[in-house]
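Here are my notes on the model you sent round, set out as numbered points. They begin with the overall fold and then turn to individual residues.

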Amino acid sequence: MTLHLHTATAADLDDAARLFDLYRQFYEQPADRALARGFLAERLARAESVLLLARDEQGQAVGLCQLYPSFCSVEARPIYVLYDLFVDPAARRAGVARALLQAAEDRAVADGKGRLDLTTAHTNTAAQALYRSMGWRRDEVYQTFNRWPGQA
């Protein structure tokens with residue numbers, strides 16, 4: 001499959017929202033394309049994320065990767081958090097995720113980021129295998145905890 005990767009703009013929102021909605025459904029959220037579109041539109045308008053989009057040779061959006069700028073206080077450097085990576089089920093096993101991960105790394109280097117971080121479900125073993133094959137390392141030092149404010 002021939003891929004064309006680029007940084008998404010407002011013109012890509014409808015295509016990106018379709019993929020982002022499927023991504024959220026993968027993580028057991030209800031389908032809501034309007035919510036997905038609105039969320040992405042706000043991130044782009046506020047320059048709060050970098051959204052990479054992969055298109056196939058027909059121009060169909062087949063994958064996305066969203067990076068959030070952050071910082072590592074210990075290293076005293078800016079980083080990217082690779083929070084969203086999704087490939088349309090019809091385009092899987094064709095190198096789309098690998099291409100998006102490489103594009104994210106290239107973007108991090110170009111933007112002077114010291115590191116890329118990501119989190120995935122314990123059960124997402126296919127993604128974990130890809131990450132390892134590309135040199136990503138599982139954090140064996142730190143544990144991740146979450147807290148939802150206002151909840152007991």
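1. The model is a predicted one, and its overall dimensions are the natural place to begin. The protein chain has a radius of gyration of 16 Å, which agrees with the value near 15 Å that a compact globule of 152 residues would have. Taken along the principal axes, the box filled by the C-alpha atoms of the protein chain is roughly 45 × 40 × 30 Å.

2. As to secondary structure, the protein chain contains four helices and five strands. Read from the N terminus on, these elements follow the order β-α-α-β-β-β-α-β-α. Among the contacts in the protein chain with a separation of 6 or more, 57% are accounted for by residues 24 or more positions apart.

3. On burial and surface, 37% of the 152 residues of the protein chain count as buried. The area exposed by the protein chain is about 9600 Å², of which carbon and sulfur atoms supply 52%. As for the charges, the protein chain carries 18 positive and 19 negative ones, and the mean positions of the two sets are 3 Å apart.

4. How many salt bridges does a search of the whole structure find? The search finds 12, and one of these joins Arg-55 to Asp-12, with the closest N and O atoms 2.9 Å apart. Because Arg-55 lies in strand 2 (residues 50-55) and Asp-12 in the loop between strand 1 (4-7) and helix 1, this pair ties together parts that are 43 residues apart in sequence. Arg-55 counts as buried, at 14% relative accessibility, and Asp-12 is also buried, with a relative accessible area of 9%, so both fall under the 20% limit for that class.

5. A salt bridge also links Asp-14 with Arg-37, where the closest N and O atoms are 2.6 Å apart. Asp-14 belongs to helix 1 and Arg-37 to helix 2 (residues 33-45), so the pair ties together parts that are 23 residues apart in sequence. Arg-37 is partly exposed, its relative accessible area being 33%.

6. The side chains of Arg-115 and Asp-117 likewise meet in a salt bridge, at 2.6 Å from N to O. Arg-115 is partly exposed, with a relative accessible area of 28%, and Asp-117 is partly exposed as well, with a value of 26%. Elsewhere, Glu-42, Arg-43, Arg-46 and Glu-48 are joined into one network by salt bridges that share partners.

7. Asp-21, placed in helix 1 (residues 13-26), deserves a separate comment. Which side chain of opposite charge is nearest to this buried residue, given that Asp-21 has no salt bridge? The nearest is that of Arg-24, 4.5 Å away, whereas a salt bridge requires a side-chain nitrogen of Lys or Arg within 4 Å of a carboxyl oxygen of Asp or Glu. Leaving aside neighbours within four places in sequence, Asp-21 is in contact with Pro-30, Ala-31, Asp-32, Arg-33 and Ala-36.

8. Two backbone angles should be looked at with the general background in mind. Most residues other than glycine have a negative phi. Ala-76, however, has a phi near 55°, a positive value in a residue other than glycine; Ala-76 is placed in the loop between strand 3 (61-72) and strand 4 (77-87), and at 67% relative accessibility Ala-76 counts as exposed. Arg-93 also has a positive phi, near 70°. The place of Arg-93 is in the loop between strand 4 and helix 3 (96-110), and with 85% relative accessibility Arg-93 counts as exposed.

9. A last point concerns Glu-105, which lies in helix 3. Is Glu-105 exposed, partly exposed or buried? At 35% relative accessibility, Glu-105 counts as partly exposed. The C-alpha atoms of Glu-105 and Thr-125 are separated by 21 Å, the two residues being 20 residues apart along the chain.

Key: Residues numbered from 1 in each chain as written. Predicted model: local features only at pLDDT ≥ 70, side-chain atom pairs only at ≥ 80, totals over all residues. Heavy atoms only, no water. Helix = DSSP H or I, 4+ residues; strand = E, 2+ residues; numbered from the N terminus. Buried < 20%, exposed > 50% of the residue type's maximum accessible area, 1.4 Å probe, protein only. Rg over C-alpha atoms; globule rule 2.2 N^0.38 Å. Contact = heavy atoms within 4.5 Å. Areas by Shrake-Rupley, 256 points an atom, 1.4 Å probe, with all protein chains shown as cover. Lys, Arg positive; Asp, Glu negative; His and termini not counted. Charge placed at Lys NZ, Arg CZ, Asp CG, Glu CD.
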